[in-house]
Structures are given as C-alpha cells and as structure tokens.
Amino acid sequence: MGKRKRVAMVLAAGLGTRLRPLTFEIPKPAIPVLGRPLITYTLEFLSRFNVREVVINLHRIPGAVRSKVLEWGKFPGRVSFVIEPEILGTGGGIRNALPHFSGAEEVIVANSDTIVDFDMEKALAHHRKRKNLATLVLFPLREKRYTPVYTDGKNSLLSIGAPSQGEGPFFFTGVSILRREFIERIPPGKRCLIRDGILPLVREGKGAGGFVTEGNFMEFGTPSDYLENTLLLLEKASPPLPGLESARVI
C-alpha cells in the first residue's frame with residue numbers, strides 16, 4: 001500500500017477586524033511575529049508532519065500574504081493560492097478549493113492566525129481508525145471565550161456550543177482532518193465549516209469525531225493576544241532565536 005498523499009489547507013481569507021489597528025495596512029496572516037509572518041508558523045508545523053502540499057485561500061490584500069510566504073520560502077513543498085473575490089467563509093473556502101485536493105483522501109485544515117503544537121500523527125491515526133468523515137482537534141477548555149465542545153466519551157462529537165452530559169468541555173483548536181467526501185458534501189457558496197458541515201453530521205449521529213489532546217495553542221486574534229503571546233514566545237524561546245541571534249531579550 002502506497003504512502004498517503006498529505007495535503008493541507010490554511011485558512012487566510014479573513015478580514016482581521018479584531019486585530020485592528022494592526023491590520024489596517026497589513027493582512028493578519030502577514031503580521032510579523034518575532035521577525036516572521038504569522039502564517040509561517042502554521043506552515044512550519046504542517047511541514048514537520050510531512051505535509052508537502054498546502055493550499056492557502058486569500059481575500060484582503062492577497063499579494064501581501066503571497067509575497068511574504070514566498071519570501072519566507074522555507075516550506076519544503078508546493079504552496080498554492082486561491083483568491084476569493086468574495087469571502088466564502090470557513091466551509092465555503094474549503095469547498096471552493098476542492099480542485100486543489102486531487103489525489104488526497106483527506107485534507108488537514110488549519111488557521112493562519114494561531115500557533116499550535118501537538119502530535120498530528122496521533123490525530124491522523126485516530127481519524128483513520130475511527131473512519132470519521134471529519135475530525136476536530138480538541139484541547140481542554142481553559143478560557144470561557146471559546147465555544148465548549150463535548151464528546152460522547154468515545155471521541156464522537158456530541159454537541160458544540162450547547163450544554164451536554166458528555167465528556168468535556170473542550171475547545172476546537174481550528175485544526176481539523178476532513179475526508180474528501182465530507183468536503184464534497186458542503187454546498188458551494190458562503191458556508192461555515194461548523195454550522196454547515198460538522199453540525200449536520202452531529203445531528204445524524206455519525207462521522208463527526210473529536211481528537212482530544214493537549215499541546216501549545218496561541219491565538220493572535222486581538223492586539224492584547226498579539227502582545228501577550230509574543231512575550232510568551234520570547235520567554236519560552238531557547239536562544240538564539242532564528243534571525244535574532246544578536247538580540248538580547250530584556
């Protein structure tokens with residue numbers, strides 16, 4: 001049996017309104033974090049798990065994101081860009097990129113405004129063992145601002161956003177593993193991954209799973225997030241920082 005082709009999609013078509021005024025002139029995925037574009041942390045994470053094809057959807061100032069990614073140039077594979085003249089949402093953007101997933105049984109989807117770290121190999125193995133149509137990567141809920149997610153104890157999704165007697169609460173990290181047939185089920189147009197893709201599976205009681213794990217999760221959605229998490233990165237980093245070898249952190 002041949003090795004499975006690993007393809008990923010990074011969602012980067014948002015407006016970045018919560019991060020204003022930082023995003024008035026720079027799109028959020030291109031915002032610098034310790035001297036490199038924010039989106040490149042997601043690309044680096046994916047590359048560590050042998051993803052060699054990535055599709056990035058773009059909307060606002062697409063040329064800036066594209067040029068920053070190509071300028072970084074450290075992704076060891078092919079990067080494709082899909083421009084959305086009109087924002088299609090998380091589900092619609094993935095559905096719109098379907099032609100780019102040729103030959104892939106599944107697609108790893110991640111956000112461009114977070115820095116995450118966990119064992120993706122275990123998530124993929126779990127997804128395949130359970131034969132899920134879609135698997136959301138979940139961390140234990142630690143902040144009330146995130147939507148609570150509950151599972152049935154066997155890692156099938158029980159509810160999203162509603163109180164439940166199941167195991168949890170957890171929160172969705174923004175990383176998911178989607179089978180091609182699931183993506184084909186999403187109606188074309190402006191769609192939400194959770195509302196128009198995952199929740200119908202939950203209601204049907206089949207095919208929607210959650211992989212519960214722990215790891216690192218940093219969101220750069222607001223200016224306060226940006227400041228706090230940049231300082232955390234500086235605190236955790238083992239010198240020398242790439243590109244900042246001569247810098248002294250105070």
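The lining of the largest pocket in this predicted model is a mix of residue kinds: 18 are nonpolar, 12 are polar and 7 are charged. That makes 37 lining residues in all, and those nearest the pocket's centre are Leu 11, Arg 18, Thr 90, Asn 111 and Asp 113. Several helices and strands chip in with two or more residues each: strands S1 (7-12), S6 (106-111), S11 (167-179) and S13 (216-219), along with helices H3 (89-96) and H6 (193-204). The top contributor is S11, which supplies 4 residues to the lining. As for the room inside, the space in this pocket comes to about 1,000 Å³.

Next come the aromatic rings. The count of aromatic pairs reaches 8. Take Phe 45 and Phe 118: their ring centres are 5.2 Å apart and their planes meet at 50°, so this pair is classed as tilted, a label for angles that are neither under 30 degrees nor over 60. Phe 45 belongs to helix H1 (residues 39-47), while Phe 118 sits in the loop between strand S7 (114-117) and helix H4 (120-130), so the pair ties together parts of the chain that are 73 residues apart in sequence. Are these two rings buried or exposed? Phe 45 has a relative accessible area of 2%, so it counts as buried, the cut-off being under 20%. Phe 118 comes out at 5%, and therefore counts as buried too.

Phe 118 has another partner as well. With Phe 139 it makes an edge-to-face pair, with 6.2 Å from centre to centre and 90° between the planes. Here again distant parts of the chain are linked, since Phe 139 is in strand S8 (residues 134-140), 21 residues from Phe 118 in its loop between S7 and H4. Both of these residues are buried. Zooming out, ring pairs join up Phe 45, Phe 49, Phe 118, Phe 139, Tyr 146, Phe 171 and Phe 217 into a cluster. Elsewhere, a ring meets a charge: the charged end of Arg 36 sits over the ring of Tyr 41, 3.9 Å from the ring's centre.

Phe 118 turns up once more in the largest nonpolar core. This core has 32 residues, and the ones touching the most other members are Val 54, Ile 56, Phe 118 and Met 120. Which elements give two or more residues to this core? They are strands S1, S4 (53-58), S6, S8 and S11, together with helices H1, H2 (62-72) and H4. H1 gives the most, with 4 residues. As a general rule, nonpolar side chains tend to be buried together in soluble globular proteins.

Two further residues show opposite settings. Thr 135 is part of strand S8, and with a relative accessible area of 0% it is buried. Its C-alpha atom is separated by 19 Å from that of Ala 162, which is 27 residues apart from it along the chain. Pro 188, on the other hand, lies in the loop between helix H5 (180-185) and H6. Its relative accessible area is 57%, so it passes the over 50% mark and counts as exposed. Between the C-alpha atoms of Pro 188 and Glu 204 there are 21 Å, with the two residues 16 apart along the chain.

Definitions and conventions. Residues are numbered from 1 along each chain as its sequence is written. This is a predicted model: local features need pLDDT of at least 70, side-chain atom pairs count only at pLDDT 80 or more; totals for chains, interfaces and linings use all residues. Side-chain values use heavy atoms; hydrogens and water are left out. On a 1 Å grid over the protein atoms alone, a cavity is a set of points where a 1.4 Å probe fits but cannot get out, and a pocket is an open set with protein on both sides within 12 Å along at least five of seven lines; lining residues have an atom within 4 Å of a point. Grid points are joined across faces, edges and corners, and a volume is the space filled by probe spheres set on the points. Ala, Val, Leu, Ile, Met, Phe, Trp, Tyr, Cys and Pro count as nonpolar, Asp, Glu, Lys and Arg as charged, and the others, Gly among them, as polar. Rings of Phe, Tyr and Trp (its six-membered ring) pair if their centres lie within 6.5 Å; planes under 30 degrees apart count as stacked, over 60 as edge-to-face and the rest as tilted. Buried means under 20% relative accessible area, exposed over 50%, partly exposed in between (1.4 Å probe, protein chains only). A charge sits over a ring if NZ of Lys or CZ of Arg is within 6 Å of the ring centre and within 35 degrees of the ring normal. A nonpolar core is a set of buried Ala, Val, Leu, Ile, Met, Phe, Trp, Tyr and Cys residues joined through side-chain atoms within 4.5 Å.
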